Amino acid sequence: MTGQPKRSLITTADFLRAYERGEISRFEAMRGIGVDDYRAFTAALLGSGFHLPRGSEEETAREVADVLPLLRRQLEDVGELP
Amino acid sequence: MIRLVIPDSGPLISLARVGRLDLIDRFRCPILITDVVEMELLDGPPDAPDAPVFKDWLGDRGNRIQVVETSYGQLLRQNRELLALLPEEQRNAQRRRFKVKNAGELSVREFSDEVRNRLAPQDSVLVLFEDQRVRTMSFGDHVHMMSSWSLAKAIENLGLIPSAEELFDQIERTGRTPPRDPFDREAKSGEPGDFIGAYDRS
């Protein structure tokens, strides 16, 4: 999720938006807004109207497609699927 | 038009204690405060260190600082005038009876209604606060809300102060404990205000 080009980050909203978009790590965002624990960071993120980072729909579909065969195999192993 | 709204006296008192009101002055826009905030800044005890500083600060900035009247401010003023009519030896004993309970908080709520209903949606408004109760008050969707901690971090990121931590440490050494509480909620509607663009970085 990280590694995309960054724009200049100045305000708390800049850091939280960049984190929401997956442009910076949680550590960078926490340092940028001046908190050192995850609970305070999450409160700041949600309180300021941002969300936890999410992948794109394509990424989510790819991850589901990757994990489905593993899940199916597990269910077969325990006899839940024929 | 960009406007800076300061609904509680906290950010101003904290910065005044460490001689850094210049960090507020750098906003190149009108500043709105309530009459209750003005009273809190000017009417401390006679030996309060802040009052003369604010007298100069408010006086030097002319109409750049606009004081918005609230009904709680008017009530406070009336009570003070009534108190002043009492013989001096009775004033201290009667002072509590003339206090308006929660006047600060109630005046902020009234002010938030004013901002929400009176300021034009095309105005870009930044509400700067220290009192955590302010964050739950609705100033309207066209308003950007920022805690004093988040302002300090932004100023640090602009390279204008060495560190927000250091600034708040200095403030704490004066006996105040402003929350180090990141909060920066942008306006949901209207023109996004370029508050950083309106901040003098020279």
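Strand β5 of chain B, residues 143-147, is mostly covered in this predicted model: five of its five residues are buried. The side chains of the strand alternate in direction, with B:V143, B:M145 and B:S147 pointing one way from β5(B) and B:H144 and B:M146 pointing the other way. Residues on both sides of β5(B) are buried.

The pairing of β5(B) can be followed on each side. With β4(B), the strand pairs in the parallel sense over five bridges, and B:V127 stands opposite B:M145 there. With β6(B), by contrast, β5(B) runs antiparallel, and two bridges join these strands. B:M145 takes part here as well, since its bridge partner in β6(B) is B:R185.

These strands belong to an open sheet of six strands in chain B, in the order β3-β2-β1-β4-β5-β6 and with mixed pairing. Its edge strands are β3 (65-68) and β6 (184-185), each of which pairs on one side only. Further into the order, β1 (residues 2-6) and β4 (residues 124-129) of chain B pair in the parallel sense over four bridges; B:L4 has B:L126 as its bridge partner in β4(B). Helix α3 of chain B, residues 35-42, lies across β1, β2 (31-34) and β3 of that chain. The helix runs at about 80° to β2(B).

Two further helices of chain B pack against one another. The axes of α8 (residues 148-157) and α9(B) come within 8 Å and cross at roughly 135°, which makes α8(B) oblique to α9(B). On the α8(B) side the contact is made by B:W149, B:A152, B:K153 and B:E156, and on the α9(B) side by B:A164, B:L167 and B:F168. Five of these contact residues are nonpolar, two are charged and none is polar.

The loop between α9 (164-173) and β6 of chain B holds B:T174. Is this residue exposed, partly exposed or buried? B:T174 counts as partly exposed because it has 14 C-beta neighbours inside 10 Å, whereas burial would require 20 or more. Leaving aside residues up to four places away in sequence, B:T174 touches B:R17 and B:V18. B:T174 and B:V125 are 49 residues apart in sequence, and their C-alpha atoms lie 30 Å apart in space.

Chain A is assigned two domains, domain 1 (1-51) and domain 2 (54-82). The C-alpha centres of these domains lie 30 Å apart. Within chain A, helices α1 (residues 12-20) and α2 (residues 26-33) pack at an angle of about 170°, their axes being 9 Å apart. That angle makes α1(A) roughly antiparallel to α2(A). Helix α1(A) contributes A:T12, A:F15, A:L16, A:A18 and A:Y19 to the contact, while α2(A) contributes A:R26, A:A29, A:G32 and A:I33. The contact residues comprise six nonpolar, two polar and one charged.

The two chains also meet each other. Their contact takes twelve residues from chain A and 14 residues from chain B. On the side of chain A that touches chain B, α1 and α3 (38-47) of chain A each supply at least two residues. The residues on that side of chain A divide into six nonpolar and six polar, with no charged residues.

Note on methods:
Residues numbered from 1 in each chain as written. Chains lettered and ligands numbered in written order. Predicted model: local features only at pLDDT ≥ 70, side-chain atom pairs only at ≥ 80, totals over all residues. Axes fitted to C-alpha atoms, helices over the stretch in contact; angles between N-to-C directions. Parallel < 35°, antiparallel > 145°, perpendicular 65-115°, else oblique. Contact = placed C-beta atoms within 7 Å. Nonpolar A, V, L, I, M, F, W, Y, C, P; charged D, E, K, R; others polar. Pairing = 2+ DSSP bridges. Domains from an automatic or database assignment. Buried ≥ 20, exposed ≤ 12 C-beta atoms within 10 Å, placed from the backbone.
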